[in-house]
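Hi,

Here is the structure I said I would pass on. Have a look at it first, and then read my notes below.

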Amino acid sequence: MALQPAITDIEQLKARPEVAALMEAGPNAVAGAKFDRNELTIWVDRTALRNACNALKNHPQLQYNALADVTCVDWYPREPRFEVVYQLFSTANKKYLRLKVRLSGDDASVDSLTPIWPGANFFEREVFDLFGVRFDEHPDLRRIMMPDDWEGHPLRKDYPVEGYR
Amino acid sequence: MAHMTPTPVLDPSQDKTMILNMGPQHPSTHGVLRLLLEVDGETIVRIMPDIGYLHTGIEKTCEAKFYQQVVPMTDRIDYLCPMTNNLAYCLAVEKLLGLEIPPRAQWVRVLLNELTRINSHLVWLGTHAMDIGAMTVFLYCFREREDVLRLFEAVSGQRMMTSYFRIGGLALEPPLGWFDRVKKFLLRFPGNIDEYESLLTNNPIFVNRLKDVAYISADDAVALCATGPTLRASGVDVDLRRDLPYTGYENFKFNVPTSTAGDVYARYLVRVAELRESQKIATQALEGLPEGPVKADAPKVVLPDREKMKTQMEALIYHFKIVTEGFTVPEGEVYMPIESPRGEMGYYVVSDGTAKPYRVHMRSPSFANLQSLRKMCEGRLIADVVAAIGSIDIVLGDCDR
């Protein structure tokens, strides 16, 4: 099982139904794509996220009807700093798909997915709590892991692992 | 960095309702779960889970450890199924590395995973029945659980925090006579399940307490990100062991129990049926166990045998290198979902090409499943909350990480 090099050329990946469906949904929705280690990742423009998820969810063949996970990666000090990572799952086709949204450090906010999947609630609260990324139109955006009066967001890379802050 | 966080206080929406606090130290919340209930008499109007009491920042700690040092951290997430967590993490890193795992190691992993599922389901069954009022079952379940824990102790030296799976295979070959002990246990176990079922399945008090309680429909369960037995009891037939086989599950024959009833009783039946299936898979793993090594042939990743280390210079150098500097993992990211006893346990590991993971995220089933509690309980009686919590089988360590 030697590692194959990742495919990042969007022209090559256009043939994949997921990428094609998103390109159909909006002209500027797809900001990039990668096929690596048998997993497909699509970067989505942050304004197009909700449309993209709706398109994938309601697509007659793809049917990505479940949200498996929401998390975030902090690439500090690189900009755009945050990458919010969504794992979608299709209970009919049993397939996973990863969507990513890049966010800059000084304006880290993205549309909440709770109108599409109410289950995104806890996941987005966790990302808000630990990374400080805000989710617009989230019904109950407050800390979930840390105490309410905690200062800072522990999973950011500029937050120390140990010692005094 | 002060954020304007909305107030967490649950205000009564009407004059006739009141707020009731349940937990975090409540015997039926299976750990430190706090629930804020807004009740109108005995009926629940709103329910709001409050978690985070066990948050230890494991994800942050992982970023400061070498890849191999993260394995013992994963045990501590879900203390009822340590092997499942070990496996999910090891599979994720192995996928990042592109490592091939020898078949014997894979089969032992399947065997131990199913024993872990039995262990976890036995704790669930015992405590769930005790919540409902059936005290005896608890003692019966813990009797068998003790046997499973002894098997874990024999193989890994630890009863609960096993850390037995390593990146690239197993820590070491199981001890002599261990497989015979497993075999004896597996032969006896179906009789034990019959025993639990004879106490519960047709017991009118138990059935009346669980039937049509905490119903959740298939659509709601999917929308609320529920997975595992909670989802399958609502009629969605998803089991990652069968649908996206990992660590050699494609070689095993088993059924995936489902139900369309969607209530607590359905979840009970699904889990008890899963106990039987786990016994079947474990038996198959034992019978078809291939011979061969239990570690991958990757000297830069897998620690060498003790004997080789004492006789071969090269092995000693590799050992020294791995222990002091770790091993580097090629850049990339992987999401590795596996079927834990509670549902989808997913590890999202990002590598930046160094010896320490850039980011490790655990998608824990308890955290996601807890969201369905609201749908299950609102409009129902307070007494049913206890049954509902038991039926989604949460572990708060898993939930808070």
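Chain A has a radius of gyration of 17 Å, which agrees with a compact globule of 165 residues, for which one would expect a value near 15 Å. (That radius is taken over C-alpha atoms, and the globule rule is 2.2 Å times the number of residues to the power 0.38.) Along its principal axes, the C-alpha trace of chain A spans about 50 × 35 × 30 Å.

Before the rest, the ground rules: this is a predicted model, where local features need pLDDT of at least 70, side-chain atom pairs count only at pLDDT 80 or more, and totals for chains, interfaces and linings use all residues. Residues are numbered from 1 along each chain as its sequence is written, while chains are lettered from A and ligands numbered from 1 in the order in which they are written.

On confidence, the model scores ipTM 0.91 and pTM 0.90. Chain B averages a pLDDT (the predictor's confidence in each residue, from 0 to 100) of 87, with 97% of its residues at 70 or above. Among its elements, β7(B) has the highest mean pLDDT, 92, and β1(B) the lowest, 83. Be careful with residues 1-8 of chain B, where the pLDDT is below 50; beyond near neighbours in sequence, that stretch has 8 contacts in the model.

Back to chain A: there are 4 helices and 7 strands, running α-α-β-β-α-β-β-β-β-α-β from the N terminus on. (Helices, H or I and at least four residues, and strands, E and at least two, are DSSP runs numbered from the N terminus.) Of its 165 residues, 43% count as buried, meaning that 20 or more other C-beta atoms lie within 10 Å of a residue's own; 12 or fewer is exposed, in between is partly exposed, and C-beta atoms are placed from the backbone. Of the chain A contacts between residues at least 6 apart in sequence, 48% join residues at least 24 apart; a contact here is two C-beta atoms, placed from the backbone, within 7 Å.

Chain B has 17 helices and 8 strands. Its radius of gyration is 22 Å, close to the 21 Å that the globule rule gives for 401 residues, so chain B is as compact as a globular protein of that length. The C-alpha trace spans about 80 × 60 × 35 Å along the principal axes of chain B, and 51% of the 401 residues are buried. For chain B contacts with a separation of 6 or more, 70% come from residues 24 or more positions apart.

Now some details in chain B. There is an open sheet of 3 strands in the order β1-β2-β3, with antiparallel pairing (two strands pair if DSSP finds at least two bridges between them). β1 (18-22) and β3 (43-50) stand at the edges with a single partner strand each, so one side of each has no neighbour in the sheet. β1(B) is joined by 5 bridges to β2 (residues 34-40), with Met18(B) opposite Val39(B). Another 7 bridges join β2(B) to β3(B), where Asp40(B) stands opposite Thr43(B). The hairpin of β2(B) and β3(B) has 2 residues between the strands, and Gly41(B) takes a positive phi near 70° there.

The other hairpin to look at is β6(B) and β7(B), also with 2 residues between the strands. They run antiparallel with 9 bridges, β7 covering residues 343-351, and Ser340(B) has Gly343(B) as its bridge partner. All 9 of the 9 residues of β6 (332-340) are buried, so this strand is largely enclosed by the rest of the structure. Val334(B), Met336(B) and Ile338(B) are among those pointing one way from β6(B), while Glu333(B), Tyr335(B), Pro337(B) and Glu339(B) point the other way.

One helix residue is worth a click: Cys141(B), in α5 (residues 135-156). It counts as buried because it has 24 C-beta neighbours inside 10 Å. Leaving out residues up to four places away in sequence, Cys141(B) touches Leu122(B), Leu125(B), Gly126(B) and Tyr196(B).

Finally, the interface: 39 residues of chain B are in contact with 35 residues of chain A. The elements giving two or more residues to the chain B side include β6, β7 and β8 (359-363).

Cheers
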